[in-house]
Amino acid sequence: MVCSPTLARDTDRRTPIPYHAILFQKTKGLCGFFVTSRNVISPNILAFTSLATTEAVVLSRMTPPDDYAYEVVACAYHNLLKVQHVCKTFFTFLPSIPTMSSKNIVIVGGGTAGLNVFNGLTAKLATSTTTSIILVTPRPHYTSLPATIRMVVTAEGELEKHALMSFPESFNEGNKKVVLAKVVSIEDDETKGRFVTLDNGEKIEFSVLVLAPGSKWEGPLDFPESVDGQLQWTKDWREKFAKAKSVALVGGGAIGIELSGELKDQWPNKPVTIVQGDALLLNKTYPDRFRKDIERRVVKRGVKVIKDDFVDDVEPKEGKITTRKGVAVEADLVIPTRGPRPNTKFIESLGSDTLTDSGFVKVKPTLQLANHPRIFAAGDVIDYAEQKQAAKAPNHAAIIVNNALSLIGENPKGLINYKGSTELIVITNGKNGGAGYFDILWGISIGDWLSSLLKSKTLMIEMSKNSLKL
Ligand SMILES: Cc1cc2nc3c(=O)[nH]c(=O)nc-3n(C[C@H](O)[C@H](O)[C@H](O)COP(=O)(O)OP(=O)(O)OC[C@H]3O[C@@H](n4cnc5c(N)ncnc54)[C@H](O)[C@@H]3O)c2cc1C
């Protein structure tokens, strides 16, 4: 360290300025010093001196918390870009600094969570000329998952025309952009840079990254990415359900229950069985009285429910499957409805400690990744003790929008924490039935009439469209 902080000069005002941190950036023979004023980094280059060989370090008089220090380093890197032509004029030995768009906010996943973050950020940064908001997602449309459960069973209502919602042109205007691709890996490194790599080989640099790749579903909900693919998939599954003489649904959560209701709407006499590993339908998030009530409603429609048992082999043999306890279940079509897994394989590129054993993204209460303060996660993929639901996405998004803006210096309020959401669920039982539970007051349950009004009849299609600005 050879440069004295007293050399600090504001390049515009030409007067000494107070400093809170001195950055010492050493990259392949380059050594730069920057003065920062709290978390606003001014593009002041103070002195360029001596050659250095070690990693970048942060020196601070205020001993700021980790996140603050990180911010300072990242911004300093950006400032290097701004001033590199000045430096080059005086110090011809300086190497070129790779280009980095330090104000790209990249969102991975155009589902419920990704779009909530996208809309939240674009509203706040509508007039920004320095920040771009880039949505990376393989589909040119939003798939309204709650509507797909009926869409794959019946052509009635042509739900495919409503449940697959194209992104509006405004998503590609101004500082907004949609990139149709899948992210295959992520780099977040001081020296190598911060960027995502797409399945087409392209790289997009980011200053802030939001991961919202959602869940991987099984059976009829495991849709391909393209519109044509999704339509063909839908047609094929409608045929499979129509052709099946009997159906077994392996998993008695919300998906199994909703699918059983759709099947009974179409074919009241077709045998449908739900096999559930637990002693009651759904899971322990909900009180037993609600879990028993939903079973009563399902059974009333002619669905057989086998509890406390499992199916290991989902391939039917001679029109039946056999459970772990040896119970024969009539079924020539078996659908896994066990609940989804997080779609996070590509996030392993950030390090094995980024994900839990089940593949969920470990997050801090700020929804930042523990060792990657510029990366956030939202939606179904976060490791948070709550039910994975679209209803949680606006709450995740509100935290991430605030915190992302704070990181890029557009929000003086600082970082805030996610404190959880109220658990509420409405489960369809065909078009005209269902049940719901709201974890408020003493725990409020609703029945067929209100559930149909809220969800079963409309499948919340218009509501999703409006709330996601599609
Ligand atoms: C039948 C059914 C009924 C439901 N009913 C309700 C309900 O009533 N209420 C409720 O709150 N929730 C409900 N849900 C759950 C809800 O749909 C999900 O919780 C919600 O969609 C999760 O949002 P998400 O953004 O995390 O994931 P998704 O909405 O699944 O979005 C993920 C997006 O990421 C994209 N993606 C994936 N991998 C990559 C990658 N590598 N690169 C780029 N993009 C990628 C995907 O293509 C997709 O667009 C229901 C789900 C189903 C299936």
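This short presentation covers the ligand shell, one helix, one hairpin and two loop residues of a single structure. Please keep in mind throughout that the model is predicted.

I shall begin with the ligand. It is surrounded by 34 residues, and the closest are Gly109, Gly111, Gly214, Gly379 and Gln389. Four elements give two or more residues to this shell: helix H2 (112-124), strand E6 (132-137), helix H3 (145-151) and helix H6 (254-266). In terms of chemical character, the shell divides into 17 nonpolar, 11 polar and 6 charged residues. Two domains supply at least three residues each, namely domain 2 (104-218 + 341-407) and domain 3 (219-339 + 424-467).

Let me now turn to H2, one of the elements that contribute to the ligand shell. This helix has 13 residues, and the distance from its first C-alpha to its last is 19 Å, close to the 18 Å expected at 1.5 Å a residue. Is H2 largely enclosed by the rest of the structure, or largely open? Of its 13 residues, 11 are buried, so the helix is largely enclosed. The buried residues of H2 are Thr112, Ala113, Gly114, Leu115, Asn116, Val117, Phe118, Asn119, Gly120, Leu121 and Thr122. The cover over them includes strand E5 (104-108), E6, strand E7 (141-143), strand E9 (176-180), strand E13 (208-211) and helix H8 (393-407). E6 therefore appears in two lists, as a contributor to the shell around the ligand and as part of what covers the buried residues of H2.

The next item is a hairpin. Strand E10 (residues 183-189) and strand E11 (residues 193-198) pair in the antiparallel sense, with 6 bridges. The hairpin connection from E10 to E11 consists of 3 residues. As one example of the pairing, Glu187 has Phe195 in E11 as its bridge partner.

Finally, I should like to draw attention to backbone geometry. Most residues other than glycine have a negative phi. Glu158, which is not a glycine, has a positive phi of about 40°. Glu158 sits in the loop between H3 and helix H4 (160-163). With 10 other C-beta atoms within 10 Å, Glu158 is exposed.

Leu441 also has a positive phi, of about 50°, without being a glycine. Where is Leu441 found? Its place is the loop between strand E25 (434-438) and strand E26 (444-446). Leu441 is likewise exposed, as 6 other C-beta atoms lie within 10 Å.

Key:
Residues numbered from 1 in each chain as written. Predicted model: local features only at pLDDT ≥ 70, side-chain atom pairs only at ≥ 80, totals over all residues. Near = placed C-beta within 6 Å. Nonpolar A, V, L, I, M, F, W, Y, C, P; charged D, E, K, R; others polar. Domains from an automatic or database assignment. Pairing = 2+ DSSP bridges. Expected span 1.5 Å × (residues − 1). Buried ≥ 20, exposed ≤ 12 C-beta atoms within 10 Å, placed from the backbone. Contact = placed C-beta atoms within 7 Å.
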